[in-house]
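Thank you all for making time this morning. I would like to walk you through one model, and I will try to define my terms as I go.

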Amino acid sequence: MSFCCGAGMVGSIGSVRHHKTLVHNVPIMFCPVCDRIDVHPAIEGEYEILVEYAQGDKAPEVDFTDFVSVDNTSELFENCTMTDEAASFSDVLKQQIDISLDLLGVAKDLKDDEWREALMIRLKRLSERLKHYNKRKQISQKSA
């Protein structure tokens with residue numbers, strides 16, 4: 001599992017912009033707290049080669065799966081939470097909140113005020129994100 005700003009990064013398949021080229025269907029890791037997105041380390045080399053060729057051809061968009069076979073997605077994300085399988089994004093956020101609450105208890109026991117404050121900020125961000133996600137989900141269900 002990868003970590004960012006202390007939070008666990010979540011695995012998914014997404015689109016990544018590299019300069020003027022948008023690459024679709026890339027295995028990525030993203031942080032639900034600070035929104036950082038990284039190309040999954042296991043395919044980073046292939047991604048960089050594809051982007052180099054796409055930019056040389058001045059292609060505005062490419063599909064990663066058209067050029068690179070990623071057959072082992074479950075193995076690729078086996079040590080992290082993945083939003084594309086089983087769990088919904090809401091479940092992922094709830095899981096991150098639970099982990100942060102557990103860590104908050106440890107920080108309080110250790111009387112580590114700096115860590116406790118960082119966890120409170122993380123919890124606030126995760127809670128806000130969950131609230132906005134649920135609100136968008138309700139709106140989309142009403143309009144369907």
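I will take the helix pair first, then the core, and then two loop residues.

Before that, a word on the source: this is a predicted model, in which local features need pLDDT of at least 70 and side-chain atom pairs count only at pLDDT 80 or more, while totals for chains, interfaces and linings use all residues. Residues are numbered from 1 along each chain as its sequence is written, and side-chain values use heavy atoms, with hydrogens and water left out.

Helices here are DSSP runs of H or I with at least four residues, strands are runs of E with at least two, and both are numbered from the N terminus. How do α4 and α5 cross? The axes of α4, residues 89-109, and α5 come within 9 Å and cross at roughly 160°, where axes are lines fitted to C-alpha atoms, for helices over the stretch in contact, and angles run from 0 to 180 degrees between N-to-C directions. Helix α4 is therefore roughly antiparallel to α5, a label given to angles over 145 degrees. The residues of this contact divide into 15 nonpolar, 5 polar and 5 charged; nonpolar covers Ala, Val, Leu, Ile, Met, Phe, Trp, Tyr, Cys and Pro, charged covers Asp, Glu, Lys and Arg, and the others, Gly among them, are polar.

Trp115 belongs to α5, which spans residues 113-143. Leaving aside neighbours within four places in sequence, Trp115 is in contact (heavy atoms within 4.5 Å) with Leu103, Val106, Ala107 and Leu110. Trp115 is nevertheless partly exposed, at 28% relative accessible area, on a scale where buried means under 20%, exposed over 50% and partly exposed in between, using a 1.4 Å probe and protein chains only.

Turning to the interior, the largest nonpolar core has 37 residues, and Tyr47 is one of those with the most contacts inside it; such a core is a set of buried Ala, Val, Leu, Ile, Met, Phe, Trp, Tyr and Cys residues joined through side-chain atoms within 4.5 Å. Helix α4 gives the largest share of this core, 6 residues. Beyond four places in sequence, Tyr47 touches residues including Val23, Val26 and Phe64.

Finally, the loops. Most residues other than glycine have a negative phi. Lys58, in the loop between α1 and β6, has a positive phi near 55°, and Lys111, in the loop between α4 and α5, has a positive phi of about 55°. Lys58 counts as exposed at 73% relative accessibility, and Lys111 counts as exposed at 67%.

Notes. Angles under 35 degrees count as roughly parallel, over 145 as roughly antiparallel, 65 to 115 as roughly perpendicular and the rest as oblique.
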